[in-house]
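Could you walk me through this structure, one question at a time? I am new to it.

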Amino acid sequence: MTADRAIRAVAVLNDDLRQRMYAFIRTAGRPVTRDEAAESVGISRKLAAFHLDKLVDAGVLEASYGSDEPRRVGRAPKVYQPSDVDIHVTIPPREHDLLAELLLDAVVHTRSGESPRAAAVRISKERGRRIGAAERRELRPGRLGVERGLTVAGDLLQRHGFEPSRESATRLRLRNCPFHPLAAQAPNIVCGMNQALLAGVLDGLDAPGLRAALEPRAGECCVELRAAE
């Protein structure tokens, strides 16, 4: 779940009735009908339907039409169950799940004779390359020069919480470190992985005129994107 959607989900749950219905559905262990949800909080079926649809729109519940419930006339009743998404809201944005995935992949896929740190850097660059390539397939931007490449990369990295800031036509600073505070605890490992990840993104975008350079600044990401020398 993206940061924007997570914030919307939390906002929707900031209602006593919705919280109680959501808790009831999560603990039911099976899909729940509108009538059951309404009864659990003591409101009408119509009002329960309104709140349930808000929870579905926010992505915290899934709706379907059950086939095991006794039918009246017409189709099976609509039922609700928790979605399989986790809701995390951090301000500023963090990507600890991504960092954990990269480290786990490095442990599992370390090659013979390869150090754990080298494996983590390699895995990070491979992941970044896939992220960048997926963006390029979707946008089909054509040939990317320095300025256009920085724009495309900045839009992508904004969605991953890096808070990019264009300092000049050929330089993009990343104001937020999505891997903080772990980066501060082990900068030699995490910053190296971060640089490799962003270098992979540029490779995947096919932006050869750009590079990901280590330029640590207090309170910011340790990497900036700039024109290759």
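Here are a few questions and answers about its sheet and its cores.

This is a predicted model, where local features need pLDDT of at least 70, side-chain atom pairs count only at pLDDT 80 or more, and totals for chains, interfaces and linings use all residues. Residues are numbered from 1 along each chain as its sequence is written, and side-chain values use heavy atoms, leaving out hydrogens and water.

Me: What is the order of the open sheet of three strands?
Reply: Strands (E, at least two residues) and helices (H or I, at least four) are DSSP runs numbered from the N terminus, and two strands pair if DSSP finds at least two bridges between them. The edge strands, β1 (32-33) and β2 (61-65), each pair on one side only. With antiparallel pairing, the order is β1-β3-β2.

Me: Which residue in β3 does threonine 33 stand opposite?
Reply: Two bridges join β1 to the antiparallel strand β3, residues 78-82. The partner of threonine 33 there is valine 79.

Me: Which element gives the largest share of the largest nonpolar core?
Reply: Such a core is a set of buried (under 20% relative accessible area, 1.4 Å probe, protein chains only) Ala, Val, Leu, Ile, Met, Phe, Trp, Tyr and Cys residues joined through side-chain atoms within 4.5 Å. This one has 36 residues, and Leu174, Phe179 and Leu198 are among those touching the most other members. Elements giving two or more residues include α5 (96-108), β5 (171-174) and α9 (187-205). Nine residues, the largest share, come from α9.

Terms used
Buried means under 20% relative accessible area, exposed over 50%, partly exposed in between (1.4 Å probe, protein chains only).
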